[in-house]
Amino acid sequence: MDLFKPMDNKGTKTKKENKPKEASEHVRCLILGSGPAGYTAAIYAARANMKPVMYTGMQMGGQLTTTTEVENYPGYPDGVDGTAMMNDLEKQAKRFGTDVRFGMATAADFSEKVKKVTIDDDKVISADSVILATGATAKYLGLESEEKFKGNGVSACATCDGFFFKDKVVAVVGGGDTAAEEATYLAGLCKKVYMIVRRDELRASKAMQKRVFNTKNIEILWKHQTKELKGDGVVQSVDLYKNKGEKNEEVVSVDIDGFFLAIGHTPNSAIFRDYLDMNETGYVITRPGTTKTNVPGVFASGDLQDNVYRQAVTAAGTGCMAALDAERYLGELE
Ligand code: NDP
């Protein structure tokens, strides 16, 4: 989710640089991010009269606006276009009075009871409570052809797009738990699934590896790396380096209809890292069964705090939880 661009360690501001200037506006409930988590939090917060102000991030509507049809969100028996669904969520949030603004959080200061967030390196908002819903960004390989075929055979979400490749041949890049899970999911739908693995072993847990090895229509291409995707309008094949950097290096071509990236996600949490507890990959840690972070008044929802499920419906669920947690927190403040 490109809502709030992840910053690597080099690009991340230090605590001192990160400190916002004086606030020009104070709000009771500030929501950062406009995916299913952010909008659901907004609907609940607005209906609870918390007068939420939402900053959408650069990609209004979040990751779902980059997929085509959403078929697994309950309540849409015929499926729904991802962008249309997010537009509906925006309308619903606005209907109850959410102040939806386009802008990106570029710095945060959670050191005091009143929190401060800088928007677009300029305006500073102070807030009694902050709901974080800034999401995560799927990693891509960075190939030109990958960019060209996004939405036309290239996807980073098997559960979202796998169905469009029913009875076809697909490839999954990666050897971690996500790749293993997506490959086994796709194997139930597709004729054949190739796993493109850059080493001669999987990083996935032993249990997931066993599932992969026991699935007949998954073929692992060990020590293969993607060179280029090819096709006329849609993906038709992939050129792969085999044994890259070794004496026997060669390039092989494999016919495929779909190409799924599963090489990890980057949570968009860099600007909060001076204040919030995170795991080693930057996912915000919440208190089990709640959306409470280690900072009272700051709540985390959606993919920012979830590296396991990452579904629109689970994100929406935690957005609802965040608004309810924030409502209770504000109630205790008064
Ligand atoms: P991981 O970082 O665990 O795995 C990424 C995989 O992608 C690795 O096999 C890695 O290869 C490969 N990779 C990375 N970059 C490239 C590249 N440029 N070219 C080719 N291959 C590349 O990410 P996951 O998303 O799989 O998992 C993230 C975390 O979430 C893990 O802790 C995982 O256990 C957890 N998770 C848990 C699940 C569950 O419990 N059900 C489901 C999904 C994830 P290499 O091994 O060579 O580095």
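User: Before we look at the ligand, what counts as a polar contact here?
Analyst: A polar contact is a pair of N or O atoms within 3.5 Å, and please keep in mind that the model we are looking at is a predicted one.

User: OK, so how far is the side chain of Arg203 from an oxygen atom of the ligand?
Analyst: An N or O atom in the Arg203 side chain lies 2.6 Å from an oxygen atom of the ligand. Arg199 also has a side-chain N or O atom 2.7 Å from a ligand oxygen, and for Asp177 a polar side-chain atom is found 2.6 Å from an oxygen of the ligand.

User: And how much of the ligand does the protein cover?
Analyst: Taken on its own, the ligand has 910 Å² of accessible area, and the protein covers 70% of that.

User: Which residues come nearest to it, and what is the shell made of?
Analyst: There are 14 residues around the ligand, of which Gly175, Asp177, Thr178, Arg199 and Arg203 come nearest. The shell divides into six polar, five charged and three nonpolar residues.

User: Switching topic, what's the deal with phi at Asn243?
Analyst: Asn243 is not a glycine, yet its phi is positive, at about 55°. Asn243 sits in the loop that links β15 (237–242) to β16 (250–255).

User: Is Asn243 buried or exposed?
Analyst: Asn243 counts as buried because its relative accessibility is 12%, and buried means under 20%.

User: Last one: which residues make the nonpolar surface patch?
Analyst: Met58, Met60 and Phe102 make that patch, which is about 300 Å². Met60 belongs to the loop between β2 (53–55) and β3 (69–70), and with a relative accessibility of 34% Met60 counts as partly exposed.

Notes. Residues are numbered from 1 along each chain as its sequence is written. This is a predicted model: local features need pLDDT of at least 70, side-chain atom pairs count only at pLDDT 80 or more; totals for chains, interfaces and linings use all residues. Side-chain values use heavy atoms; hydrogens and water are left out. Patches are made of residues with over 30% relative accessible area and no salt bridge: like charges are joined within 9 Å, nonpolar side chains (Val, Leu, Ile, Met, Phe, Trp, Tyr) within 5 Å. Accessible areas come from the Shrake-Rupley method with a 1.4 Å probe; for residues, only the protein chains shown count as cover. A salt bridge is a side-chain nitrogen of Lys or Arg within 4 Å of a carboxyl oxygen of Asp or Glu. Helices (H or I, at least four residues) and strands (E, at least two) are DSSP runs, numbered from the N terminus. Buried means under 20% relative accessible area, exposed over 50%, partly exposed in between (1.4 Å probe, protein chains only). A residue is near a molecule or strand if one of its heavy atoms lies within 4 Å of it. A polar contact is a pair of N or O atoms within 3.5 Å; within protein, one must be able to donate a hydrogen and the other to accept it, and residues adjacent in sequence count only if both atoms are side-chain atoms. Ala, Val, Leu, Ile, Met, Phe, Trp, Tyr, Cys and Pro count as nonpolar, Asp, Glu, Lys and Arg as charged, and the others, Gly among them, as polar.
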